[in-house]
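User: I'd like a close look at one part of this model, the spot where two helices pack. After that, feel free to wander through whatever surrounds it.

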Amino acid sequence: MSNLDDRMWATMPSRRSFLQRMGLGVGALGAGLFGGLALPESVLAVCEPPGNPGTPKPWRKDCRMILPRRPASTLSAAEITQLKDAYKAMRALDTSAPNDPRGFLRQANVHCWYCGAGTQVHFTWQFFAWHRAYLYFHERILGKLIGDMNFRLPYWDWDTPSHRKLPGAYSDPNDNSNPLWNGTRSMDPTEEIPEEDVGEDVMEAALTADTFTEFGGTTSGSGIPEGTPHGAVHVDVGGDMGFFDSAGKDPVFYAHHANVDKMWSDWNKASSIHTNPTATAFLNLTWNFYDENKVWRSIKASQVLNHDTQLRYTYGPSKFLEQLPCLLDWFPIKTDWRVSQTLKFAGQTRAKMMKVVEQGGRARLHLNDLAVPTEKSAVYRLYATPEAAKADEGPGSKGYLGTVPVVLNDRERRHVSKNARNIAVRLSTAKLEALSGTVGPVRLALVERGVKPEARKVIPVRAKDVLLSVAEVEREER
Ligand code: C2O
């Protein structure tokens, strides 16, 4: 069930057509442009195939010390200077050695290639493992460029309420004297990522997913956190971050993804049943990257599953993790969505869900294979009724359920992904009450956040399936 668009693109952009699009023509090709001569900056500005450097050398082991990646906002002045020096050196390669695969734009283009231009890792079970491998090589390159292999990437812990602004290092100074700055962001240094995109309900819905399928996706569909929080933060930062093909051009991308990677790590730690796939099709997923010595390497999913021992970094203790309730298995509650495209939230369903939540358990709403508008990157809000969507009174208001981000692969919509978006939102008591207060069947609807009332367009939810589920809280019986 792989995506037709993606497959077409995987075979289409030959070097020749690529160069012609760049206006370079066949003459330049004939002159051996890729045979060691510098690539012009105009080429670096767009997504470039990683090239064909021959057979990769397998990645084997890393002998660095095991050291923590730390929250970006807790770095010391000296550590911030070091981080800035590393990106400065990486950016310098863009002009001094545009063919060097360790240069900043070449690094950014790796992400571009894997988000639809070449192949697609997003909205599949490759999402967490591929980004972990990508950040790993990126981190080693930064370390090498400053001559300190003890360097570890920082993470932007937007799940900590006081850390929801862009981390200081990345926006201070907020101009191009700062190698961590990006001038295209729509988020101002004074703004914060909204609670509804990264708050407790969102983190909990992801970290309590009890199978990898739900947390990390399948061969053709996403896990819960890939939408919110992951995608929502992309849209909130905006500019280059708002599209996968350009996201790697904003240094804050790597800090954002380190936190996404930490979520995977936290999810694994949250329960003994939170295990990664054991299918060989997953374990043998293989990707190639240039390492810090410009050596073309291949690495497998099975080689990134234990980030501490294999990749030599840890994440600090997670306060949030300690607060998670110990839930029993999720228990699905059937709905008649497939028949009627509505939910009846009444009678036994309502009683069961209310009871579980009142006793400290959890309830969820799942949207499987949700169709979303793809004309732009944006955050949509999910409501229980079209009327509530039209009013769009936000979190806490009647009928509000959560956010659904859409991050396009590229601005021009050349690579629209058809992989499934699977969403789950936590249903707090208030949300359950709002659902039960709805007159008649629940007709879910989306509306773009931040649009003026006159321009608001209510979009009825189209999804392959909509499910409800509950998990009772584990009680100690003594
Ligand atoms: Cu590969 Cu957050 O995107």
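Which residues in α5 meet which residues in α7?

Analyst: On the α5 side you have Ala86, Tyr87, Ala89, Met90 and Leu93, and they meet His138, Ile141, Leu142 and Leu145 in α7. Contact here means heavy atoms within 4.5 Å.

A quick word on the ground rules. This is a predicted model, where local features need pLDDT of at least 70 and side-chain atom pairs count only at pLDDT 80 or more, while totals for chains, interfaces and linings use all residues. Numbering starts from 1 along each chain as its sequence is written, and side-chain values use heavy atoms, with hydrogens and water left out.

Back to the helices. By class, the contact of α5 with α7 has eight nonpolar residues, one polar and no charged ones; Ala, Val, Leu, Ile, Met, Phe, Trp, Tyr, Cys and Pro count as nonpolar, Asp, Glu, Lys and Arg as charged, and the others, Gly among them, as polar. Helix α5 covers residues 77-96, and its axis runs 8 Å from that of α7, at an angle of about 95°. Axes are lines fitted to C-alpha atoms, for helices over the stretch in contact, with angles from 0 to 180 degrees between N-to-C directions. The two helices are therefore roughly perpendicular to each other, a label for 65 to 115 degrees (under 35 is roughly parallel, over 145 roughly antiparallel, and the rest oblique).

Helix α7 also takes part in a salt bridge, meaning a side-chain nitrogen of Lys or Arg within 4 Å of a carboxyl oxygen of Asp or Glu. Arginine 69 and glutamate 139 form one at 2.8 Å, N to O. Arginine 69 sits in strand β2 (residues 67-69) and glutamate 139 in α7 (residues 126-145), so the pair ties together parts that are 70 residues apart in sequence. Helices (H or I, at least four residues) and strands (E, at least two) are DSSP runs, numbered from the N terminus. Arginine 69 counts as buried at 1% relative accessibility, and glutamate 139 is buried too, at 0%. Buried means under 20% relative accessible area, exposed over 50%, and partly exposed in between (1.4 Å probe, protein chains only).

That pair belongs to a network of salt bridges linking Asp62, Arg64, Arg69, Arg132, Glu139, Arg140, Asp261 and Glu292. Within it, aspartate 62 and arginine 64 pair at 3.0 Å, N to O, and both are buried. Over the whole structure, a search finds 33 salt bridges.

For contrast, try aspartate 369 and lysine 464, whose side chains meet at 3.3 Å, N to O. Aspartate 369 is in strand β7 (residues 362-371) and lysine 464 in strand β13 (residues 462-471), so this salt bridge ties together parts that are 95 residues apart in sequence. Lysine 464 counts as exposed at 52% relative accessibility, while aspartate 369 is partly exposed at 27%. Aspartate 369 also has a positive phi of about 55°, although it is not a glycine.

As for the wider setting, the protein chain has 21 helices and 13 strands, and buried residues make up 57% of its 478 residues.
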